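Reader: Please take a close look at the charged side-chain pairs of this chain, and then set them against the rest of the fold. I would like each term given with its cut-offs as you go.

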Amino acid sequence: MANRYWVGGTGTWNTTSTTNWSASSGGSSGASVPTSADSVFFDQNSTYTVTMTGALNCLDITVSTGAVTFATGTTPTLAVAGSIAITAGTTTWNSTGTITLSSTSSVTITSGGTTFNASITISGAGGTKTLQDNLTLGTTNTLTLTSGTLALSSYTLTAGLFSSSNANARTLNFGTGKIVLTSATTSTVWTTATVTSLTVSGTPLVECQGGGSAVTKTINTGALSEANSISFSLLETTGTATYAFTASNVVKNLIINGLQTLSNIAISIYGSFTHSTSNGTTTFTAGTNAWTFAATSGSYTITPVSATTYDFPWTFNGVGGTWQILANLTLGSGRAFTLTNGTFDFNSFTVSGPTSGVTIVTGSVSIANTGGGGSLSTALPFTHTSGTLTLGVNAATTSTSGYTFTAGTLALSGSGAIASSSGVAANGT
């Protein structure tokens, strides 16, 4: 194990040349080319370019002063067995070869504000790579988590794309940080298609942005569990990119605010839904694929835009979950609104649109109306087919009056039972 220092200004870092390597800072050149056991230092207080060529290795890499540009030579790659520490704010990383961090112990990544125009792979079974500041990759570059742990701490990881789809033991620890995906081309911007042995911790949030008209950005979360589910925020402010979740994907919270189009795909949401138009109007493609709110514990909110018609089915199916709407919700005229398990709180607002009515099926459902005055407008009966439907007083209700079923009847069929009909108005029975 040795230290290697870059000397002599501009030159080529390859697998054979000793021209620019010294055994001491500012010393004579001629030292051997760094291996995975050798730490490399770039500490010349000058302006110079390092052209990277071939399969390069080092232990730690430190850039502490000067204005150095890392440039692309012939098929460059860099395998770092230790930490990255770039503290010189004038560093430019234009070498496009993939950087692989492979330590099996705990190491750190400090970018010093440098944008890496290269993809980065995190590997090393049992190892943890922890960000010390924000880490930014180019809009066409991918951060790949292959094995080990990537810990964001409180920082932001920005990349064009993110990939972690394999069966290796690996952990994505968001801490209080987040991931921002900036690709502006047709691509799969996020994939955890194979979720075997993947653990997600912290407060997971992925923001998707970056513009791009007439492009499709695919999000493939795979079959993440409720405990490992990740919140996604679609925040396009330029262009009109189309977003498509892969069928039967899952998210924690879904936040939509921007100019994008969202394809009609069946997804499960384990948290809240928030829609805003402050960054532009999102287009929701009509279709028969349902959004299913599936949390099995906790209380969540549904914040629609009152002027938007959500022309696809909605289902609430989570034993122990509670959902409260914070604005009027309008579904397409042919779309089902189904309550299977959990508590739904009208919260003084109106759900309207579905000509197929609202169906309570199979499970144990409570309907709350915090504050009173909420209503459900439907052209066909509000039907309870089986299980227990609780209206009126329950844990989430502060009023026993104000339920209004404006265009149908409150009907029973099959083995259904109403625990309480207190406060049912209009056509209710």
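Author: Lys 217 counts as buried, because its relative accessibility is 1%, where buried means under 20% relative accessible area, exposed over 50% and partly exposed in between, computed with a 1.4 Å probe and protein chains only. The model is a predicted one, in which local features need pLDDT of at least 70 and side-chain atom pairs count only at pLDDT 80 or more, whereas totals for chains, interfaces and linings use all residues. Residues are numbered from 1 along each chain as its sequence is written, and side-chain values use heavy atoms, with hydrogens and water left out.

The side chain of Lys 217 meets that of Glu 236 in a salt bridge, with N and O 2.7 Å apart; the term stands for a side-chain nitrogen of Lys or Arg within 4 Å of a carboxyl oxygen of Asp or Glu. This pair links distant parts of the chain, 19 residues apart, since Lys 217 lies in strand β27 (residues 216-220) and Glu 236 in the loop between β28 (231-234) and β29. Strands and helices here are DSSP runs numbered from the N terminus, strands (E) having at least two residues and helices (H or I) at least four. Glu 236 is buried as well, with a relative accessible area of 0%.

By this rule the count comes to three salt bridges. Another of them joins Lys 178 to Glu 207, whose closest N and O atoms are 3.1 Å apart. Lys 178 belongs to strand β23 (residues 178-181) and Glu 207 to strand β26 (residues 205-208), so the pair ties together parts that are 29 residues apart in sequence. The two partners differ in exposure: Lys 178 counts as partly exposed at 25% relative accessibility, whereas Glu 207 is buried with a relative accessible area of 13%.

Arg 335 and Asp 311 also meet through their side chains in a salt bridge, at 2.8 Å from N to O. This pair likewise links distant parts of the chain, with Arg 335 in the loop between β40 (329-331) and β41 (337-345), Asp 311 in the loop between β38 (309-310) and β39, and their positions 24 residues apart. Arg 335 counts as buried at 17% relative accessibility, while Asp 311, at 24%, counts as partly exposed.

As for the surrounding fold, the chain has zero helices and 51 strands, and buried residues make up 52% of its 429 residues. Its accessible surface comes to about 15,100 Å², of which 51% belongs to carbon and sulfur atoms; such areas come from the Shrake-Rupley method with a 1.4 Å probe, and for residues only the protein chains shown count as cover. Among the contacts (heavy atoms within 4.5 Å) with a separation of 6 or more, 45% are between residues 24 or more positions apart.

The largest nonpolar core has 88 residues, and those with the most contacts inside it are Trp 13, Phe 42, Trp 291 and Trp 314. Strand β39 (residues 314-325) gives the most to this core, with four residues. A nonpolar core is taken as a set of buried Ala, Val, Leu, Ile, Met, Phe, Trp, Tyr and Cys residues joined through side-chain atoms within 4.5 Å. Once neighbours within four places in sequence are left aside, the residues in contact with Trp 314 include Phe 273, Trp 291, Phe 293, Leu 329 and Phe 337.

Toward the start of the numbering, strand β1 (residues 3-6) and strand β4 (residues 39-42) pair in the parallel sense over three bridges, pairing being assigned if DSSP finds at least two bridges between two strands. Arg 4 has Val 40 as its bridge partner in β4. Strand β1 also runs antiparallel to strand β3 (residues 21-22), to which two bridges join it, and the partner of Trp 6 in β3 is Trp 21.

The loops offer a contrast in exposure. Thr 75, in the loop between β8 (67-72) and β9 (77-80), has a positive phi of about 40° although it is not a glycine, and it is exposed, with a relative accessible area of 65%. Ser 83, by comparison, lies in the loop between β9 and β10 (84-86) and is buried, at 17%; not counting residues up to four places away in sequence, Ser 83 touches Leu 59, Asp 60, Ile 61, Val 107 and Thr 108.
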